Every structure is written in C-alpha cells, then in structure tokens.
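Welcome! Here is a short tour of a structure that may be new to you. Take a look at it first, and then we can walk through a few spots together.

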Amino acid sequence: MATAIETVREVTGSEYKYGFTTPVEEERFPPGLDEDVIRRLSARKQEPAWLTEWRLAAYRRWRQMEMPDWQKVKFPPIDFQAISYFAAPKQKQRPKSLDEIDPEIRRTYDKLGIPIREQEILAGVAVDYVFDSVSVATTFKRKLEELGIIFCSISEAVREHPELVRKYLGSVVPPGDNFFAALNSAVFSDGSFVYVPKGVRCPMELSTYFRINAAGTGQFERTLIIADEGSYVSYLEGCTAPMRDEHQLHAAVVELIALDDAEIKYSTVQNWYPGDREGRGGVYNFVTKRGLCRGKRAKISWTQVETGSAITWKYPSCILQGDDSVGEFYSVAVTNHHQQADTGTKMIHIGKRTRSRIVSKGIAAGRSDNTYRGLVRILRSAEGARNHTQCDSLLIGEHCGAHTVPYIEVENRTARCEHEATTSKISEDQLFYCRQRGISEEDAVALIVNGFCREVMNELPMEFAVEAKKLLGISLEGSVG
Amino acid sequence: MLLEIENLHASVEGKPILKGVSLAIAPGEVHAIMGPNGSGKSTLAFVLAGREGYEVTEGSIRFGDEDLLAMEPEERARAGLFLAMQYPVEIPGVGNLYFLRQALNAIRKARGLEEISAAEFMRKAREEARRLGIGEDLLKRDLNVGFSGGEKKRNEILQMALLEPRLAVLDETDSGLDIDALRTVAEGVNRMRRPDRAFLVITHYQRLLEYIVPDVVHVMVDGRIRRTGGPELARELEERGYEGFLGRLAA
C-alpha cells in the first residue's frame with residue numbers, strides 16, 4: 001500500500017468531461033486589436049454611437065495602462081494581438097423561438113447537462129446561453145416580462161433598453177478601473193442584463209451559462225444587474241470550455257447595483273478548463289466583479305465555487321454606500337495539479353452601520369497554489385461598521401501552497417473588524433476512519449472537503465448545490481490514492 | 001473459521017511490534033485480548049483493518065475465504081470487518097447520520113444491494129440510537145465534533161449496529177467510560193451477538209468482560225499471545241495484575 005505522499009506524486013488526474021468542441025460554422029474576426037477592430041465590433045453589433053465612443057475611450061485608456069504585477073499568480077506575457085476579439089456561431093438571425101436554435105448548439109448544452117428548454121430539471125431557472133461571443137438563447141423571458149423583469153443579453157439590452165444601460169454601464173466598474181476592466185470595456189462582446197423593478201421579488205433563479213467553444217479567442221463578457229428599490233433577485237453563472245493546449249483568456253466584468261432595500265444574490269460555479277496535469281493549457285480567468293449597495297439597507301451577496309481555470313484571479317467586491325447595507329462573500333476555491341488561484345474580496349464600508357461577512361475556503365492539492373487576498377476598508381463615514389472575516393485553508397498532499405493576505409484599513413474608531421484564519425490538512429486519521437467504514441479514498445476526500453466547505457455550499461441555490469458538490473469531488477480526483 | 005491469523009509479524013516505523021501472533025475465531029464466538037499497555041493489542045487491530053504504516057513482515061490472515069492482507073481498508077470493511085476505534089476522529093462539516101448513511105450505502109453497493117431509503121435508514125438509526133442512549137441532537141451534529149469520550153464510543157457502537165459486520169473488533173472501547181456508559185455499550189454488543197457474527201474485544205481491564213462475556217480470552221505480552229483460556233483467565237489477571245501474571249510466566 002502506498003503512502004498518501006507517494007500517491008499524491010502519482011496523481012492520476014481527473015478527466016475534464018466538458019472538454020469537447022462543437023462543430024459549428026462560425027464568424028470571427030482575425031486576431032488583433034486596434035481602433036478599427038473596435039469600430040467593426042460595435043458596428044457588427046449595431047450599437048449606438050455613444051457606446052462606440054465609450055469603447056474607444058476605454059481602449060485608449062487601456063493602451064496607457066500596464067499589466068499589474070502584485071498578484072501571486074505567475075504566467076507568461078499575454079500577446080493581445082494574437083487574440084480574436086469576436087467569434088460567434090453563424091446564424092442568419094437570433095432565433096425567435098427556442099425551437100429554431102442550431103441543433104449542434106442545442107446538443108452542446110444537452111451534453112453539458114443544461115438543456116435549452118423550459119421544462120423538467122430547469123423548471124425553476126431561467127437561463128441565458130452565451131456561446132463564445134454571443135448569447136444564443138434565453139428561456140422564460142415571457143414569464144419574467146409579465147412581472148416587468150428584464151432578463152436578456154446585454155447586446156439586446158443596448159438596443160431595447162438603452163436608457164438603463166447608459167445610466168448604469170461602468171457606474172460600478174469604470175472603464176479605467178484596472179487593466180482587464182479597461183480591455184473588457186473596449187471589446188466586450190456579450191453577457192447578461194437583468195433589471196428587476198421596484199418591489200418585485202424575482203420568482204425564479206436567473207442563470208447565465210457561458211461556453212467558450214472557438215479556439216484562439218478570448219471571452220469578454222459583461223454582465224449588468226440592477227435591483228430597484230425593495231426587489232430581490234438570485235442569479236447564477238456557470239462556465240465550461242473545451243480542452244485546448246493553448247491558454248484562453250476570459251476577462252469579464254460584472255456590475256451589480258442594489259438600490260434601497262434591494263437584495264442581489266450572485267452565485268458562480270466556475271469550471272473553465274483547468275489545463276492538464278502538467279499545466280498545459282487552461283483558461284486564464286481574470287475577472288472584475290463588483291457590487292454597489294447604493295441604497296439604504298441594500299444587500300449584495302457573492303457566492304463562488306471556483307474549481308476550474310489554469311489561473312483564477314478575481315475579487316468579487318462590495319461597495320457598501322447605503323446606510324445599513326450588507327455585503328457578503330462566500331468562496332470555495334479549489335486548486336489541483338498546476339492550477340493557481342489568487343482570489344478574495346474587497347468590502348468598502350462607506351455608509352453608517354454597514355456590515356460585511358467574508359467566509360473563504362481554499363483547498364489546495366497537487367502542485368497548486370491557492371491565495372486568499374482580501375481588503376476590508378472602513379472609511380471615516382462608516383460609523384458603527386462591522387466586518388467578520390474567516391479564512392480557512394485545507395491542504396492535500398505535500399507539494400501545494402496556501403496563503404492568506406488580508407488587508408484591513410480602518411478610519412473610524414467605532415468600527416469593529418474580526419479576522420480568523422486556519423490552515424489544516426486532511427489527516428491520515430480521517431481518511432482511514434472513512435475507509436474503515438467502507439467509503440473509498442476518493443469519496444472520503446470529497447466527503448471531507450465538502451464538510452470543510454459546507455458553510456459556503458449552504459449559500460448556493462439548491463439546484464446548483466448538488467452540481468457544485470459533485471464538481472468538488474471531480475476536481476480533486478487523483479489528489480490522493 | 002471466520003478469522004485465521006497465522007504467525008503474524010508486523011512493524012511500525014521499522015520497529016517490530018507483533019512477533020508471531022496466531023489466533024482463530026469461529027463465527028458466533030467472542031474473543032477477548034487482554035494485555036498491558038504497549039503489548040501490541042491496538043497494533044493488531046490496525047493491522048486487521050489495514051491501516052497505512054502498519055507493515056506486515058511475515059504471516060497471513062484469512063477472513064472467511066479471502067486473503068485479508070491483499071485487501072484495501074475499504075474492501076475489508078465491505079467484506080464485513082468493523083473496527084470500533086479507541087479514538088474516533090472528528091470530521092467537521094460532515095453530519096453524523098449523513099456519514100453513517102454514506103458508509104452503509106457504500107457497503108450495500110459493494111454487496112450488490114440497493115441504497116437504503118432515507119426513511120428506512122432514519123427509522124433504524126433512531127431506534128438503535130434510542131437503545132444506546134444517544135440523543136437526537138448528537139445524530140444531527142458533525143461527526144464526533146465536540147462529542148464527549150463516552151458519546152464517541154456509543155456512536156461507534158451505533159455505526160457497528162447499522163453496518164452489521166461479520167467481525168467486529170472493539171479496540172479499548174471501555175476506556176474513558178463510566179459504569180453506566182460501559183453497561184449501555186456492552187448491551188449494544190450483546191444484542192448483536194449472532195451465530196454468524198464474531199467479536200474481538202481488546203481491553204486493558206477485566207471490567208468490560210463482566211458485561212460482554214467472552215468465549216475465549218487471550219493474554220498478549222510483548223507482541224505474542226502468551227496464554228489462551230476461558231473467561232476465568234480474565235479474572236485471574238484481575239486478581240494478580242499483569243505484573244504478578246508476567247512474573248509467573250517468567251518463572
């Protein structure tokens with residue numbers, strides 16, 4: 001019988017079962033980025049002049065910016081001229097009904113386990129399907145429209161609801177915010193748009209499923225969610241990509257706006273292709289996600305389960321501007337083999353009595369590196385603000401790393417911040433105990449890891465908690481035994 | 001025979017602990033192994049269960065028709081070997097009953113049986129828990145997390161009752177138990193005695209054997225079984241103490 005250490009070295013590696021490609025005829029731009037490419041992209045999407053100008057301004061900002069270097073994750077320089085900035089399955093028109101969708105694309109989503117239809121397992125969830133650079137379908141639109149809820153692709157929102165898009169786009173993540181946000185603002189292709197009107201409680205989960213299919217492209221989606229006064233919405237995104245030897249860049253921007261008494265719950269199950277056992281290929285997941293609690297008593301809650309991507313580099317954040325507003329961040333980040341993650345959150349307390357809660361669970365196996373980086377900033381105006389942060393790391397094997405980098409800046413004496421951190425290992429005792437009761441080693445690891453993450457998993461909507469649980473097991477397959 | 005151990009030698013970190021143990025247990029029998037601390041009793045339990053780090057250097061163990069030493073720990077469990085541990089481990093975030101159901105289903109699956117229904121499982125678990133004096137709250141808590149010593153031991157017996165092993169090894173289950181808990185645990189074991197099930201009770205004290213009356217008692221000293229006899233052997237040990245007993249053996 002091999003020891004756990006030996007078996008960790010012999011990591012067998014799990015199969016990434018979402019790694020297939022779909023043979024669709026596609027339209028795409030040749031690689032490269034300049035002002036002409038942006039004008040063509042904007043024209044192709046029949047955008048109004050203000051948006052074209054907005055993109056160009058972002059592009060000019062981006063050209064003057066430099067790639068940041070403070071992160072723990074390491075990767076070779078990215079050649080932004082080698083990327084194609086638009087790829088879309090060819091379709092004469094966006095299908096008017098779900099029946100008109102290209103059968104190949106339909107089959108793709110069937111294989112991914114999220115069939116494009118308004119029935120059965122997805123009955124309680126409305127889904128926007130984004131395939132490479134465009135949204136290909138949105139379910140349950142009519143039902144939502146009856147309540148005044150707008151749920152569509154952002155391209156459609158630009159055409160149909162320009163006043164809302166113009167008012168809020170870039171209001172939380174300005175184009176010049178950071179290097180990748182500027183790039184995204186210049187070239188974003190599609191993504192989801194949600195508006196929930198005053199006092200409406202969205203009766204179903206809204207979900208976007210992102211799929212990168214084409215090779216040599218990047219995905220730059222943009223999501224904008226606005227919850228008007230007293231409204232509630234729960235939103236979930238899922239993502240997968242084919243297995244490719246090259247690295248693919250995914251640089252999204254997500255903006256959330258919650259007005260007085262509104263609540264937005266945003267959940268992510270991220271399973272981009274992580275690369276192979278030797279670290280070849282995999283998606284670079286460099287994302288800017290930020291929510292603004294603009295109103296009093298507003299609440300924004302981020303829940304993320306990050307199992308995929310070669311590199312995950314993101315900090316879903318909350319700006320707590322309204323008095324008594326609440327921000328939450330629940331995160332599970334799993335890294336195996338050569339994956340790297342540098343993730344966490346920022347909680348910016350501006351309003352009085354604002355509260356934030358951070359629960360981060362990092363799990364590192366193989367030769368991976370897992371960093372929690374978080375900022376809690378309490379401004380002078382944030383009388384009576386409170387924060388509680390809990391960061392737990394779990395190590396599997398001897399060759400991985402876990403790091404916790406908390407930044408706490410407090411400018412108001414009445415504020416209270418608490419920070420707890422633990423690091424533990426899956427012990428031989430625990431594994432043996434499970435196995436002695438008949439549970440296989442793989443299942444034992446999944447069981448222990450799921451237990452370690454339970455606080456976060458409990459925050460996920462029911463429909464996805466099951467999927468996320470399975471995903472944790474799959475991601476760690478071959479990490480021991 | 002259900003279990004046949006022949007000339008078993010085992011080392012831990014290169015140090016020989018078991019030095020030629022032979023033992024045979026027939027279905028329906030209860031055997032006790034007594035011995036002073038450090039005599040190798042717990043090592044024998046871990047070798048039987050297949051724990052990593054316990055290296056068998058010589059000898060064989062047959063379990064029914066199978067070569068036990070060739071099996072992984074989970075395969076041994078599925079074949080019907082249960083080890084009630086001296087120090088049950090805590091697994092945070094994993095519910096006590098959830099864990100037990102996972103274990104039961106893993107064993108049932110390996111035997112070609114269907115998964116037990118949630119309702120049937122709950123009924124069985126609650127019934128057995130009540131008999132063992134395990135409160136509802138303990139069933140809902142995380143596995144062994146914050147359990148007292150006695151609660152952990154009762155919980156081991158609860159698992160044993162639901163997993164229905166062919167051979168149950170109890171490793172110092174009496175340690176840290178007060179007299180009431182000891183009686184409850186012993187009753188739990190006695191309820192499970194059946195013609196096709198055997199027990200190997202490892203203990204330092206004779207006390208437990210007043211409640212679980214063994215068919216055969218072995219005395220282990222320095223990695224070997226030095227004497228085998230009936231229940232009277234346990235009483236003799238209790239009266240004379242290990243030192244007196246060892247002195248007599250040496251003489």
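Let us begin with the strands: in this predicted model, strand E13 (residues 282-293) of chain A is joined to E15(A) by 4 bridges, and the two run parallel. From there we can look at what lies around E15(A), and then move over to chain B.

**Strand E15 of chain A and its partners**
- In the pairing with E13, A:Phe286 is the residue opposite A:Trp313 in E15(A).
- E15(A) also pairs with strand E18 (residues 340-349) of chain A, again in the parallel sense and over 4 bridges.
- In that pairing, A:Thr312 has A:Ala341 of E18(A) opposite it.
- In a regular strand, side chains alternate between the two faces of the sheet.
- E15 (residues 311-314) of chain A is covered on both faces, with A:Ile311 and A:Trp313 buried on one side and A:Thr312 and A:Lys314 buried on the other.

**Helix H1 of chain B**
- Helix H1 (residues 41-49) of chain B has 8 of its 9 residues buried, so the rest of the structure largely encloses it.
- Among the buried residues of H1(B) are B:Lys41, B:Leu44, B:Phe46 and B:Leu48.
- Just after H1(B) comes B:Gly50, which takes a positive phi of about 85 degrees.

**A charged patch on chain B**
- B:Asp65, B:Glu66, B:Asp67 and B:Glu75 form a negative surface patch.
- One of these residues, B:Glu75, sits in helix H2 (residues 73-78) of chain B.
- B:Glu75 has a relative accessible area of 37%, so it counts as partly exposed.

Terms used
Residues are numbered from 1 along each chain as its sequence is written. Chains are lettered from A and ligands numbered from 1 in the order in which they are written. This is a predicted model: local features need pLDDT of at least 70, side-chain atom pairs count only at pLDDT 80 or more; totals for chains, interfaces and linings use all residues. Side-chain values use heavy atoms; hydrogens and water are left out. Patches are made of residues with over 30% relative accessible area and no salt bridge: like charges are joined within 9 Å, nonpolar side chains (Val, Leu, Ile, Met, Phe, Trp, Tyr) within 5 Å. Accessible areas come from the Shrake-Rupley method with a 1.4 Å probe; for residues, only the protein chains shown count as cover. A salt bridge is a side-chain nitrogen of Lys or Arg within 4 Å of a carboxyl oxygen of Asp or Glu. Lys and Arg count as positive and Asp and Glu as negative; His and the chain ends are not counted. The place of a charge is taken as NZ of Lys, CZ of Arg, CG of Asp or CD of Glu. Buried means under 20% relative accessible area, exposed over 50%, partly exposed in between (1.4 Å probe, protein chains only). Two strands pair if DSSP finds at least two bridges between them.
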